[in-house]
Amino acid sequence: MKDFLNITKALADENRLRMVMALQDGEVCVCQITELMGLAMSTVSKHLSILYQAGLVNARKEGRWMYYSLPGKGAPPAAREAVAWVRRSLAGNERIAGDAKQLKKVLAMDVSELCKRQGGN
């Protein structure tokens, strides 16, 4: 029951749903997600932490930066099913389509420069 509640609570926020959808084409750096969302890095990190704790995203650290992706075949079935449901349900959403266009622009930016700028370096 606890895992189910963690998943449903994690998905009960528009920003977190947008983040899940932003990861559907592969791994993205937290700096890129921050640029896409237009939120403070600390806010984005908190949202991603909630998604991670619910098993809805994977995380890996490279140097100072965190990279996020959707769970793979090794993830618990409930998490994989929840992500699949979100992807199906939001596939035609206008906001998600706008995010996808914006994400293409963000992914074209130099990630190291983007991360340095957001990190205050």
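This report covers the fold, surface and charge of a predicted protein model, then two residues of one helix.

## Fold

The protein chain holds 7 helices and 3 strands. In sequence order the pattern runs α-α-β-α-α-β-β-α-α-α. The radius of gyration is 14 Å, close to the 14 Å that the globule rule gives for 121 residues, so the chain is as compact as a globular protein of that length.

Along the principal axes, the C-alpha trace spans about 45 × 30 × 25 Å. Take the contacts between residues at least 6 apart in sequence: 63% of them join residues at least 24 apart.

## Burial and surface

Of the 121 residues in the protein chain, 36% are buried. The exposed area of the chain comes to about 7,200 Å². Carbon and sulfur atoms supply 53% of that area.

## Charge

The protein chain carries 18 positive side chains and 12 negative ones. The centres of the two sets lie 3 Å apart.

## Arg-18

Arg-18 sits in helix H2, which covers residues 14-22. Its relative accessible area is 6%. The cut-off for buried is under 20%, so Arg-18 counts as buried.

Which side chain makes a polar contact with the side chain of Arg-18? The partner is Asp-99, at 2.6 Å. Asp-99 is also among the residues that Arg-18 touches, not counting those up to four places away in sequence. The others on that list are Leu-36, Met-37, Arg-95 and Ile-96.

## Met-19

Met-19 also has its place in helix H2. Is Met-19 buried or exposed? Met-19 is buried, with a relative accessible area of 0%.

Neighbours within four places in sequence aside, Met-19 is in contact with Ile-33, Met-37, Val-44, His-47, Leu-48 and Leu-51. Met-37 thus appears in the contact lists of both Arg-18 and Met-19.

A further pairing links Met-19 to Tyr-68 by distance. The two residues are 49 apart along the chain. Their C-alpha atoms are separated by 9.6 Å.

## Summary of the two sites

Arg-18 and Met-19 are listed below with their computed values.

- Arg-18: helix H2; relative accessible area 6%; side-chain polar contact with Asp-99 at 2.6 Å.
- Met-19: helix H2; relative accessible area 0%; C-alpha separation from Tyr-68 of 9.6 Å.

Technical notes: Residues numbered from 1 in each chain as written. Predicted model: local features only at pLDDT ≥ 70, side-chain atom pairs only at ≥ 80, totals over all residues. Heavy atoms only, no water. Helix = DSSP H or I, 4+ residues; strand = E, 2+ residues; numbered from the N terminus. Rg over C-alpha atoms; globule rule 2.2 N^0.38 Å. Buried < 20%, exposed > 50% of the residue type's maximum accessible area, 1.4 Å probe, protein only. Contact = heavy atoms within 4.5 Å. Areas by Shrake-Rupley, 256 points an atom, 1.4 Å probe, with all protein chains shown as cover. Lys, Arg positive; Asp, Glu negative; His and termini not counted. Charge placed at Lys NZ, Arg CZ, Asp CG, Glu CD. Polar contact = N/O pair within 3.5 Å; in protein donor to acceptor, adjacent residues only side chain to side chain.
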